[in-house]
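Here is a short walk through one structure for a reader who has not seen it before. Keep the sequence and the 3D view open while reading.

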Amino acid sequence: MRLTWLPMTARILTGFVGGYILSAIVALFLAKALPAVRLEAVLTGAMIGFVINVVAIIWAFAARNTWRACLGILIP
């Protein structure tokens, strides 16, 4: 029996969970690192985090294979 659902499930989990973790880390880093008022830095970090989350999801499904999708999100 072939597990044809496993690569798609791995891409979905990589895109959503990995993208969420990556965007949260970037948002936290930008909120601390940006030289602005705290509110503006947090909002800017959150907005860029949303963009990174969407890009990570797109990358998870656009990558050539599942391992490349996982590495492309987990390495950064």
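The paragraphs below take a surface patch and then several single residues in turn.

The model is a predicted one. A good place to begin is the surface. M8, I12, L13, F16, V17, Y20, I21, I25 and F61 make up a nonpolar patch there, and together they have about 890 Å² of accessible area. Helix 1, which covers residues 5-33, supplies the largest share of this patch, with 8 residues. One of the patch members, M8, sits in helix 1. M8 has a relative accessible area of 44%, so it counts as partly exposed, since that class lies between the limits of 20% and 50%.

R11 also belongs to helix 1. Which side chain of opposite charge is nearest to R11? It is E40, and E40 is 38 Å away. R11 is buried and has no salt bridge; for such a bridge, a side-chain nitrogen of Lys or Arg has to be within 4 Å of a carboxyl oxygen of Asp or Glu. The side chain of R11 does reach a backbone oxygen, that of N65, at 3.5 Å. Leaving out residues up to four places away in sequence, R11 touches A60, F61, A63, R64, N65 and T66. F61 in this list is also a member of the nonpolar patch.

N65 itself is placed in the loop between helix 2 and helix 3, the latter being residues 66-74. With a relative accessibility of 35%, N65 is partly exposed. N65 and P7 are 58 residues apart along the chain, while their C-alpha atoms are separated by 8.6 Å.

Helix 2 spans residues 38-62, and N53 is part of it. Is N53 buried or exposed? N53 is buried, because its relative accessible area is 18% and the limit for buried is under 20%. Its contacts, not counting residues up to four places away in sequence, are G15, F16, G19, Y20 and S23. Among these, F16 and Y20 were named above as members of the nonpolar patch.

A41 is another residue of helix 2. A41 is buried, with a relative accessibility of 1%. Apart from neighbours within four places in sequence, A41 is in contact with L30, A31, L34 and A36. From A41 to A62 there are 21 residues along the sequence, and the distance between their C-alpha atoms is 31 Å.

Technical notes. Residues numbered from 1 in each chain as written. Predicted model: local features only at pLDDT ≥ 70, side-chain atom pairs only at ≥ 80, totals over all residues. Heavy atoms only, no water. Patch = residues over 30% accessible without salt bridge, like charges linked within 9 Å, V, L, I, M, F, W, Y side chains within 5 Å. Areas by Shrake-Rupley, 256 points an atom, 1.4 Å probe, with all protein chains shown as cover. Helix = DSSP H or I, 4+ residues; strand = E, 2+ residues; numbered from the N terminus. Buried < 20%, exposed > 50% of the residue type's maximum accessible area, 1.4 Å probe, protein only. Contact = heavy atoms within 4.5 Å. Lys, Arg positive; Asp, Glu negative; His and termini not counted. Polar contact = N/O pair within 3.5 Å; in protein donor to acceptor, adjacent residues only side chain to side chain.
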